[in-house]
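Please look at the sequence and the 3D structure below. The report that follows goes through them under short headings.

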Amino acid sequence: MDTKRICLWSSPRNISTAMMYFFAQRPDTIVFDEVFITGTMGELTPVYEIDGRVIENKSASAIRNTLYATFKKLTATEGEPV
């Protein structure tokens with residue numbers, strides 16, 4: 001069986017979330033959003049694999065770049081210095 005990739009982006013957000021949950025219920029579908037973790041030591045760290053399933057897009061996206069720039073700006077001006 002050939003792999004079929006579906007990219008879904010919609011507005012308002014609740015529609016894309018509903019579609020994500022719909023596809024997640026299918027046994028032949030795996031759903032990943034852009035996946036990353038955050039923390040005080042790791043800052044904004046992309047996730048490349050979940051349960052042995054590789055997330056293919058390993059390049060920095062515009063969303064991740066925007067989040068990272070905002071994170072750096074806030075941590076430079078807010079919070080307690082360590």
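## Surface and burial

How much area does the chain expose, and what share of it do carbon and sulfur atoms supply? The chain exposes about 7300 Å², and 58% of this comes from carbon and sulfur atoms. Accessible areas are from the Shrake-Rupley method with a 1.4 Å probe, and for residues only the protein chains shown count as cover.

This is a predicted model, in which local features need pLDDT of at least 70, side-chain atom pairs count only at pLDDT 80 or more, and totals for chains, interfaces and linings use all residues. Residues are numbered from 1 along each chain as its sequence is written, and side-chain values use heavy atoms, with hydrogens and water left out.

Of the 82 residues in the chain, 10% are buried (under 20% relative accessible area; exposed is over 50%, partly exposed in between; 1.4 Å probe, protein chains only). Phe-22, with a relative accessible area of 49%, is partly exposed.

## Helices and strands

The chain has 2 helices and 4 strands, in the order α-β-β-β-β-α along the sequence. Both kinds of element are DSSP runs numbered from the N terminus: helices are H or I with at least four residues, strands are E with at least two.

Phe-22 lies in helix α1, residues 13-24. Helix α2 covers residues 62-77, and its 16 residues should span 22 Å at 1.5 Å a residue (1.5 Å times one less than the number of residues). The end C-alpha atoms of α2 are 23 Å apart, which agrees. Just after α2, Gly-79 has a positive phi of about 80 degrees.
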